[in-house]
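Biologist: I'd like a close look at one part of this protein, and I'd rather have one connected walk-through than a list. Could you take me through it?

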Amino acid sequence: MEEANPTSGCRRKRLWEDERSWQSPSCCYIQLATLETLVTSHWVRSRILLQLKTTRSPSPEERGRERAGAVVHGSQGRMGKKVKKEAEPPPKDVFDPLTIESKKAATVVLMLNSTEEEILAKACEAIYRFALKGEENKATLLELGAVEPLTKLLTHEDKIVRRNATMVFGILASNNNVKKLLRELDILSSVIAQLAPEEEVIIHEFASLCLANMSVEYTSKVQIFEYGGMEPLIRLLGSPDPDVKKNSIECIYNLVQDFQCRLAIQQFNAVPPILDLLKSEYPVIQLLALKTLGIITNDRESRVMLRDCQGLDQLLKILETKEFNDLHIEALAVLANCLEDVDTMQLIQQAGGLKKLLAFAENTTFPDIQKNATKAIARAAYDPENRKILHEQEVEKCLITLLGAENDGTKVAAAEVISAMSESLASKEFFNTQGIPQIVQLLRSENDDIREAASLALANLTTANQVNANAAAEADAIDALINILSCKRDKAVANAATVLTNMATQEPLRMVMQGHDVMRAIIQPLSSSNPFVQSKAALTVAAVACDVDARIEFKNAGGLEPLVELLRSNNDEVRKQASWAVMVCASDEPTSAELCKLGALEILEEINLSIRRKNNFSEAAYKRLLTNNLSLKYCQTGYLSSDDMIPDGFYDAGRINPGTKLLTLKEFALQGPSDRRAIILINSKPSFISPPSTTEDKFSDSISGRSSSSHRKGKASTGVGSPTEEKSESTGQTTTSSSKSFVKERGSRKGKGKKEEEKNKEEEETPVPCKAVELNPDKEWCLPSDHDFCNYITEVSKTILPMTNLKEQIETLAEFVAGKMGGPVSRELLHEFKWEHHISEIEFQLKSNVVPIGYIKKGTFYHRALLFKALADKIGIGATLVRGEYNRAWNEVKLVDESYKGITGLLPRPEEFIVDLMYEPGTLLKKRSREAELYKFI
């Protein structure tokens, strides 16, 4: 009788099956031939006892009739009639066969413990029919405990019993709870043993079915492999029975998901029998064979085996056959794996298969098939040699057509191919004139997959290609890209940031991007939790922030804080790109100062102390922050180069240790006088005078130490020094001729009448009453003005700047600085030079530790060196500022030996000198000479 197998879809004749189903009420006719069997069944035993109890005894009338009959028969016998001989009764020790009818599955389950083969076979058959009816029956059998006794029957001596038990497990193994119990009972070795060649085909079918159901779980896969299940399964692929083939290839498909099993496929040379299954007349077998090939061809060795077995021809033949539409997707997946190999690609091209594949992808009317065909091309395009072959076949034209497909998956696949092909310069140039507008259009799609793929294609096309970047901008890509920055797809955001970075290499495009608020939009990706997005966003900031307006917009939008946070990242790439962005943002002083407030300098300093975490950009960013925060640089390093031009607002707070935070000038000013060293301020900007009645005017007067009367007199701002300020007297040795000119000039002023001199002295030395003003931190604070320093700049600009000889300029400026800071001081009398008391009086007058440098009339080494550097920067003289120990500081200048002047083709190296500002102002001490070392150290 013919019956369909629900697990395979194939039909076969079953001689052992009854056409009738086990309908409800369930029944099973079993003939019990032995007493042992009867006793083993508790239910049967109970039924027999019940029948014995209900047997009725004969009535007296019935017994009388029986006796009468006996008499009649007896008399007839005696009358000589022939009587039939009674049959000989069976031996007393033999149990009479008993046929029973079971209506409960539990009864049949109990019979699985019988020792009679016929009972076991019929019980298994009954359970098999019951399990076929549905999952509920399988669960019922599990609850009744049918699985454990059935496992023992797998190794039964009787073939029929073993066959029927195997059939039951083939059906039961599809239930998840049964699978779990079977794994615990460890029956797979027994099931695999049923795959032996000498076993019946029906046993092969259901044993392989059981393994196919069990192999879905990882643990069972491992057990099947360890018990040697791969070899018999591969052998059964050549079975004449289609059900066996189907179950075997399904089990193999599940097993090859594991890498170790894929290696066994190569070891047992399984590719040829799997390819033979493609010729099967059953679609399900062909489909499973293609899926298995799709997995195993991920390994190069299997791809080589498939190619050597002419598997490519079979795949192309399937694609060319319209009747095999349901197999095209899986066939394309296998082909995509094979196209990764250059040898396979060349083989297909030579056979004309590549052109057929491109035409197939472009012209097929099935969206899913078109998508998978495009994906196959994409897999091939990731290899450089394959890209050359594809370019020769003009794949770019096909891709542009596919970008306009109706199916979203096809658009995504086409964009992915373009991303891969853009690695080729020839393909990238092809898209200069066409293709980019279509890709930009996809950026506006509502499908996230499309936008992600399109942004990746555009990122690759615009990398190191300004023509493509311009083409994207002309197609209005900037607005779409900025919108993508706020989407939830991390890869799409990273791709969009990359395109914007590529565009930012051109100034006109940067201007357009700033018009679309790109610096505000990039802040959200900076705060992403994805390191890849963070690094790309930081790189965009570095590319766009090279313009002042962009930096201002970024700072005002609050972008500096998340950028500084990225410096703390443990990801090397994020830290590198963030350091680059910080370096670019620190190009101007306001942004640099804000970055320092946010702790960027301390973080970078910590990074640079670590060999593993530091990078070239972190070191450059640290230097850039210091360069634009020269006050901090000088406090930390004690050195300013000739390129470090001291700006207005610079202050010297003394040496600080690395990692120590430097207070701002405002914070120092609000502290009031203290016993710490004075903060020396450089400021040539005039302060804005408010009306006298305002609090700001009082604050300005008090902080500058000037009275309103001094302003009304219109004096040249010589400063209101200390009330005990003395006239500058020469306590050192003979000065140079330049210093004599300044002394002579000062002497000419002394030539005035004695009364006038005393009047001027009294006017200069009269203490100005300074009213203490309580500074409010909430009010706007401005730099204290320094009129004397402004006058210094004017004076040196008029007298020194016109000089043509650099050495003469340096000497004259040194004499000027010394003259303003108390004149030359003899080395022997240096300890008598009371500059500390003078500074303290100025601090007391100003009610602040912040002292403008023009107020200082008695200055030591570091005061004079700072003034020299500040004035030298103003008039273009290159000089360094170096801090030493014990309040020492000096300036270094470079001069070329005049003796080499005029020699053609000779450019001598300049020599370095230290400028003497204390002992013999204007003297140039050759660096590393004994005199220079004595000047630098006590």
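What volume does the second largest pocket have?

Modeller: Happy to, with one caution up front: this is a predicted model. The second largest pocket has a volume of about 1,000 Å³.

Let's start with what surrounds that space. The pocket is lined by 34 residues. If you want to find the middle of it on your screen, look for Glu-589, Ala-593, Asn-629, Tyr-651 and Thr-664, which lie nearest the centre. Sorted by class, the lining has 15 nonpolar, 8 polar and 11 charged residues.

Now for the elements that the lining comes from. Helix α40 (589-597) gives the largest share, 6 residues. At least two lining residues each also come from α41 (600-609), α43 (630-637), the strand β6 (650-652) and α44 (665-671). Two of the residues nearest the centre, Glu-589 and Ala-593, fall within the 589-597 span of α40. Tyr-651, also among those nearest the centre, sits within β6, which covers 650-652.

That's the pocket itself. While you have the model open, here is how some helices elsewhere in the chain pack.

Take α49 (residues 787-799) and α52 (residues 861-875) to begin with: their axes come within 10 Å and cross at roughly 55°. The two helices are therefore oblique to each other, and the crossing is right-handed. On the α49 side you'll find Phe-789, Tyr-792, Ile-793, Val-796 and Ser-797, and they meet Leu-867, Ala-870, Leu-871, Lys-874 and Ile-875 of α52. That contact divides into 8 nonpolar residues, 1 polar and 1 charged.

Next come α19 (residues 311-320) and α20 (residues 328-338), with axes that come within 9 Å and cross at roughly 145°. This crossing is left-handed. From α19, Leu-312, Leu-315, Leu-316, Ile-318 and Leu-319 meet a set in α20 made up of His-328, Ala-331, Leu-332, Val-334, Leu-335 and Cys-338. Here the tally is 10 nonpolar, 1 polar and no charged residues.

Last, α29 (residues 448-462) packs with α30 (residues 466-474) at an angle of about 140°, and their axes are 7 Å apart. That angle makes α29 oblique to α30. The contact brings Leu-458, Leu-461 and Thr-462 of α29 up against Asn-468, Ala-469 and Ala-472 of α30. By class, that gives 4 nonpolar, 2 polar and no charged residues.

Definitions and conventions: Residues are numbered from 1 along each chain as its sequence is written. This is a predicted model: local features need pLDDT of at least 70, side-chain atom pairs count only at pLDDT 80 or more; totals for chains, interfaces and linings use all residues. Side-chain values use heavy atoms; hydrogens and water are left out. On a 1 Å grid over the protein atoms alone, a cavity is a set of points where a 1.4 Å probe fits but cannot get out, and a pocket is an open set with protein on both sides within 12 Å along at least five of seven lines; lining residues have an atom within 4 Å of a point. Grid points are joined across faces, edges and corners, and a volume is the space filled by probe spheres set on the points. Helices (H or I, at least four residues) and strands (E, at least two) are DSSP runs, numbered from the N terminus. Ala, Val, Leu, Ile, Met, Phe, Trp, Tyr, Cys and Pro count as nonpolar, Asp, Glu, Lys and Arg as charged, and the others, Gly among them, as polar. Axes are lines fitted to C-alpha atoms, for helices over the stretch in contact, and angles run from 0 to 180 degrees between N-to-C directions. Angles under 35 degrees count as roughly parallel, over 145 as roughly antiparallel, 65 to 115 as roughly perpendicular and the rest as oblique. A crossing is left-handed if the near helix is turned anticlockwise from the far one by less than a right angle, and right-handed if clockwise. Contact means heavy atoms within 4.5 Å.
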